[in-house]
Amino acid sequence: MIVVGGLLLVAGVVVAVVLGGDAAGGWLLPVGLIAAGLGMLIAGAAAAVRRRVPLLAAVRAHRATPVGSPVRRARAVPGMLAATARGRNPVLPRYQLLLWLIAVVYVVSPIDFIPEFLPLLGIGDDIGVGTWLLTSLYAESGNYLAAKQQREEE
């Protein structure tokens, strides 16, 4: 719904620029498209927030204080990835695996949003994605170890 709203919004702006108010209806079509686009964007965003709030509450209920040294967390990453792929990790949603895979492919791939020949900017996007990937894996492996430890204590 958000994508369709964005497309309607862009279409309304394009129609407004192209027609310039010279059409038979004047500004009626562009204003209608823009209003419909904004309405769908707002409705989509509200629906996304409504769906996400219970998910965040469930994730917070399962999370404990992260544990483990950096070496222990690094060793836990393969187990965490396997448990998440099998659906046995209640703390981490499966789509996170897809995001991590996309980040690895982006860092390794020679194709970038910002070409490498631009000084400092070219490598900056790779550094940013790599930093996000490593910090995300580090944090989630700590959460995984904490949940695992909590299950063992019960």
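Which pattern does the protein follow when you read along the sequence? Colour the chain by secondary structure and trace it from the start: the pattern is α-α-α-α-α. That gives 5 helices and 0 strands. Keep in mind as you look around that this is a predicted model.

**Stop 1: the whole chain**

Show everything first. The protein has 154 residues, and buried residues make up 27% of them. Now think about who touches whom. Take the contacts between residues at least 6 apart in sequence: 60% of these join residues at least 24 apart.

**Stop 2: the nonpolar core**

Next, select A76, V77, M80, A83, L92, L97, W100, A103, L133, L137, Y144 and L145, and show their side chains. These 12 residues form the largest nonpolar core. Which helices each supply at least two residues of this core? They are α3 (70-85), α4 (95-108) and α5 (121-153).

Stay with one core member, A83. Leaving out residues up to four places away in sequence, A83 touches R88, N89 and Y144.

**Stop 3: Y144**

That last partner deserves a click of its own. Y144 sits in helix α5. Is Y144 buried or partly exposed? Y144 counts as buried, because its relative accessibility is 11% and the cut-off for buried is under 20%. With residues up to four places away in sequence set aside, Y144 touches A76, G79, M80, A83 and N89. Pick N89 from that list and draw a distance line: the C-alpha atoms of Y144 and N89 are separated by 7.6 Å, though the two residues are 55 apart along the chain.

**Stop 4: where α4 meets α5**

Hide the rest and keep α4 and α5. Their axes come within 9 Å and cross at roughly 145°, and the crossing is left-handed. On the α4 side, select Q96, L99, W100, A103, V104, Y106 and V107; on the α5 side, select D125, D126, V129, G130, W132, L133, S136, L137 and E140. Colour this contact by residue type and you should get 10 nonpolar, 3 polar and 3 charged residues.

Now zoom in on S136, which lies in helix α5. S136 counts as buried, with 11% relative accessibility. What does S136 touch, not counting residues up to four places away in sequence? The answer is Q96 and W100.

**Stop 5: the loop between α2 and α3**

Bring the other helices back and find the loop that joins α2 (28-62) to α3; S69 is there, and so is V67. Start with V67. At 22% relative accessibility V67 counts as partly exposed. Apart from neighbours within four places in sequence, V67 is in contact with R72, R73, G142, L145, A146 and Q149. Measure from V67 to Y144 as well: they are 77 residues apart in sequence, yet 8.6 Å apart in space, C-alpha to C-alpha.

Then move to S69, which is partly exposed with a relative accessible area of 38%. From S69 to G142 the C-alpha distance is 8.5 Å, while the separation in sequence is 73 residues.

**Stop 6: a label from a record**

Finish by selecting residues 26-49 and 97-114. An unreviewed UniProt entry lists both stretches under "transmembrane region". Look at the second one, residues 97-114, in the model: the chain there is 67% helix and 0% strand, and its end C-alpha atoms are 24 Å apart.

Conventions: Residues are numbered from 1 along each chain as its sequence is written. This is a predicted model: local features need pLDDT of at least 70, side-chain atom pairs count only at pLDDT 80 or more; totals for chains, interfaces and linings use all residues. Side-chain values use heavy atoms; hydrogens and water are left out. A nonpolar core is a set of buried Ala, Val, Leu, Ile, Met, Phe, Trp, Tyr and Cys residues joined through side-chain atoms within 4.5 Å. Buried means under 20% relative accessible area, exposed over 50%, partly exposed in between (1.4 Å probe, protein chains only). Helices (H or I, at least four residues) and strands (E, at least two) are DSSP runs, numbered from the N terminus. Contact means heavy atoms within 4.5 Å. UniProt positions are given in the numbering used here, feature names are shortened, and annotations may be inferred rather than shown by experiment. Axes are lines fitted to C-alpha atoms, for helices over the stretch in contact, and angles run from 0 to 180 degrees between N-to-C directions. A crossing is left-handed if the near helix is turned anticlockwise from the far one by less than a right angle, and right-handed if clockwise. Ala, Val, Leu, Ile, Met, Phe, Trp, Tyr, Cys and Pro count as nonpolar, Asp, Glu, Lys and Arg as charged, and the others, Gly among them, as polar.
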